[in-house]
Amino acid sequence: MLYKPSLLGVSILINPADTSALRKIDLLVMGAGPAGARAALRAKASGLSVVLVDENNDAGGQVWRPLPDGFGRLPGIVAPVEARDGDALRHELRQAGVLCLFGHKVWNVGSNLRTDVISPEGSVSWLPSALLVATGTTERVIPFAGWTAPGVMGLAAATILLKSQNMLPGRRTLVVGCGPLLLAVANGILKAGGEVAAVIDLASRMDWLRTLSALKARPDLLWQGMRWQANLRLAGVPMLYRHGIESVVTTQAGFDARVRPVDASGAPVDGAGRVFSVDAVTVGHGLVPGTDVTRLLRARHYYSADIGGWVAESDEMGRTSVPGLFVAGDGAGVAGAAAAGAHGELAALACAHDLGRVSPQHYALERTGLLAQRRQPARFGRAMAGLMALREGAVAAIKPETVVCRCEDVTRAEIDAAAQEGACDLNQLKAWTRCGMGPCQGRTCGDVAGALLALNIGSRESVGYFTGRAPLRPVSLAEVAGQYTYADIPIPKAAPL
């Protein structure tokens with residue numbers, strides 16, 4: 001039995017098979033980052049009944065993450081641009097009257113788009129005419145010896161600490177990986193009063209120079225990147241290009257992190273390595289689009305390393321191969337926050353058009369403007385995504401004893417052994433080794449595990465991806481059951497003799 005939310009906020013037990021008892025809406029938007037929030041606003045303005053759902057306590061996503069409840073900025077501390085943009089977005093959502101379900105977790109989506117959401121009262125079910133998935137990305141980390149040690153964290157996790165709580169990852173931190181987050185995190189650490197031991201970048205200077213034409217499309221971000229570079233030089237922070245991390249060894253004082261030169265594929269090459277003594281390591285090797293829901297609903301997908309990996313096939317308006325299912329933002333292929341907002345509005349506009357809420361003339365006019373609005377920032381975002389593309393040599397260099405799946409402690413050696421014994425796709429690998437079977441459902445390990453299997457099998461397309469399954473997020477029986485007692489369970493009448 002599930003709960004139906006009433007207008008008064010009272011939960012009523014319903015029969016899961018009885019869709020007439022579900023609360024019906026035009027559009028449910030999953031994810032309240034730039035794409036999802038802008039989509040909800042556009043849908044509301046188009047006259048749709050819309051619900052915006054997010055696990056976080058407010059809108060903004062990773063880029064415009066708000067301060068936690070009860071936190072505030074000290075007097076005289078000026079909020080950064082991202083914080084001001086996020087505050088403006090949250091204010092706009094409140095002013096527009098969008099129904100926002102924050103602190104709610106989608107754990108299942110049915111073939112008829114019925115969406116089951118964990119709320120404080122239990123499992124609340126909605127039946128939207130359309131579902132827009134704007135769930136963003138997961139950070140990728142190419143495993144290395146010591147990457148599971150406490151004090152080694154993702155660049156995204158470090159960003160959360162710095163942005164929302166002004167907390168340092170450590171007193172002396174090594175920043176490792178690829179892409180623009182390297183500079184952002186390193187500068188955030190310096191600004192918060194920490195020390196950056198070095199910035200270790202898989203890309204070369206020439207790789208960055210090749211993106212210059214795309215960077216010119218966003219002179220504001222190009223200027224910001226130049227300022228960040230200057231800040232690091234003034235602080236005396238070493239910048240090691242075309243280098244990767246080899247291992248992290250725990251010491252009494254923290255860590256000894258060993259880095260060494262790599263080639264264009266990310267594979268280690270001969271050359272003098274360096275060891276940095278630090279008490280924290282932040283590492284990130286790009287972003288992987290979130291495809292949990294599109295895989296669960298069996299939408300068609302394709303693989304493109306340059307935009308993050310596997311993504312759902314969609315048109316420029318976000319329509320997928322599943323009727324009524326839309327995707328927007330980085331979850332549809334990494335293109336950055338600035339492009340995500342326009343993409344969300346495009347998907348919402350397409351939804352309003354398909355439901356007959358806007359005229360063909362209005363649709364055509366708005367579509368042209370939004371496509372133009374998205375074009376330049378998407379070009380910049382795609383260039384950055386290319387810098388963060390998974391490098392085959394870095395994957396091939398993972399040592400046999402290194403843990404790849406943290407949830408189930410599956411090593412590279414076990415993955416290789418499964419491939420040699422006949423596992424030819426990710427779902428077979430999962431069945432044979434439990435890789436991807438833990439609480440994260442393969443969000444952390446799936447991309448790298450697929451790349452390792454592809455080294456044995458031949459291609460990422462042949463290896464495929466983990467089949468989407470419910471629950472999409474770990475849920476407890478208490479969360480699903482909600483607040484009721486045995487007396488609340490309806491007892492059917494006895495059958496006649």
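Which residues are buried in helix H13 (residues 426–433)? In this predicted model, they are Leu426, Leu429, Lys430 and Thr433. Seen down the axis of H13, these buried residues fall within an arc of 100°, so they line one face of the helix. Their packing partners are strand S23 (410–411), helix H12 (412–420), helix H14 (446–457) and helix H15 (460–463). The two ends of H13 have details of their own. At its start, a side-chain oxygen of Asp425 comes to within 3.0 Å of the backbone nitrogen of Asn427. After H13 comes Arg434, with a positive phi near 75°.

A second helix can be read in a similar way. Helix H2 (residues 81–96) is made of 16 residues, and the distance from its first C-alpha to its last is 23 Å, close to the 22 Å expected at 1.5 Å a residue. Its buried residues are Ala83, Gly86, Leu89, Arg90 and Leu93. They sit on the same side of H2, because the arc that they cover around the axis is only 125°. Among the elements that cover them are helix H1 (34–45) and strand S4 (50–54). Just after H2, Gly97 has a positive phi of about 75°.

H2 also leads into the largest nonpolar core, a set of 35 residues. Leu27, Val50, Leu52, Leu93, Val98, Leu132 and Phe326 have the most contacts inside this core. Two or more residues each come from strand S3 (23–30), H1, S4, H2, strand S8 (122–133), helix H9 (337–354) and helix H10 (360–387). The most come from H9, which gives eight residues. Leu52 offers a good look at the surroundings of one core residue: beyond its neighbours within four places in sequence, Leu52 is in contact with Val29, Gly31, Ala32, Gly36, Ala37, Ala40, Leu93, Val98, Leu99, Cys100 and Leu101.

The loop between strand S9 (137–139) and strand S10 (152–154) is the place of Arg140. Is Arg140 buried or exposed? Its relative accessibility is 2%, so Arg140 counts as buried. Its side chain makes a polar contact of 2.6 Å with the side chain of Asp447. A polar atom of the Arg140 side chain also lies 2.6 Å from the backbone oxygen of His285. Leaving aside neighbours within four places in sequence, the residues in contact with Arg140 include Gly284, Gly286, Leu287, Gly308, Met388 and Val448.

Ala149 belongs to the loop between S9 and S10 as well. At 17% relative accessibility, this alanine counts as buried because the cut-off is under 20%. Apart from neighbours within four places in sequence, Ala149 is in contact with Thr250 and Phe255. The C-alpha atoms of Ala149 and Ala280 are 9.9 Å apart, while 131 residues separate the two along the chain.

How many disulfides does the structure hold? The number is zero. A disulfide is a covalent bond between the sulfur atoms of two cysteines. For Cys405, the closest cysteine sulfur is that of Cys445, at 4.0 Å, which is too far for a bond. Cys407 is likewise in no disulfide, and its nearest cysteine sulfur, in Cys440, is 3.9 Å away. As for their surroundings, Cys405 counts as buried at 1% relative accessibility, whereas Cys407 counts as partly exposed at 34%.

Definitions and conventions:
Residues are numbered from 1 along each chain as its sequence is written. This is a predicted model: local features need pLDDT of at least 70, side-chain atom pairs count only at pLDDT 80 or more; totals for chains, interfaces and linings use all residues. Side-chain values use heavy atoms; hydrogens and water are left out. Helices (H or I, at least four residues) and strands (E, at least two) are DSSP runs, numbered from the N terminus. The expected span of a helix is 1.5 Å times one less than its number of residues. Buried means under 20% relative accessible area, exposed over 50%, partly exposed in between (1.4 Å probe, protein chains only). The arc is that of the directions from the helix axis to the C-beta atoms. Contact means heavy atoms within 4.5 Å. A polar contact is a pair of N or O atoms within 3.5 Å; within protein, one must be able to donate a hydrogen and the other to accept it, and residues adjacent in sequence count only if both atoms are side-chain atoms. A disulfide is a pair of cysteine sulfur atoms within 2.5 Å. A nonpolar core is a set of buried Ala, Val, Leu, Ile, Met, Phe, Trp, Tyr and Cys residues joined through side-chain atoms within 4.5 Å.
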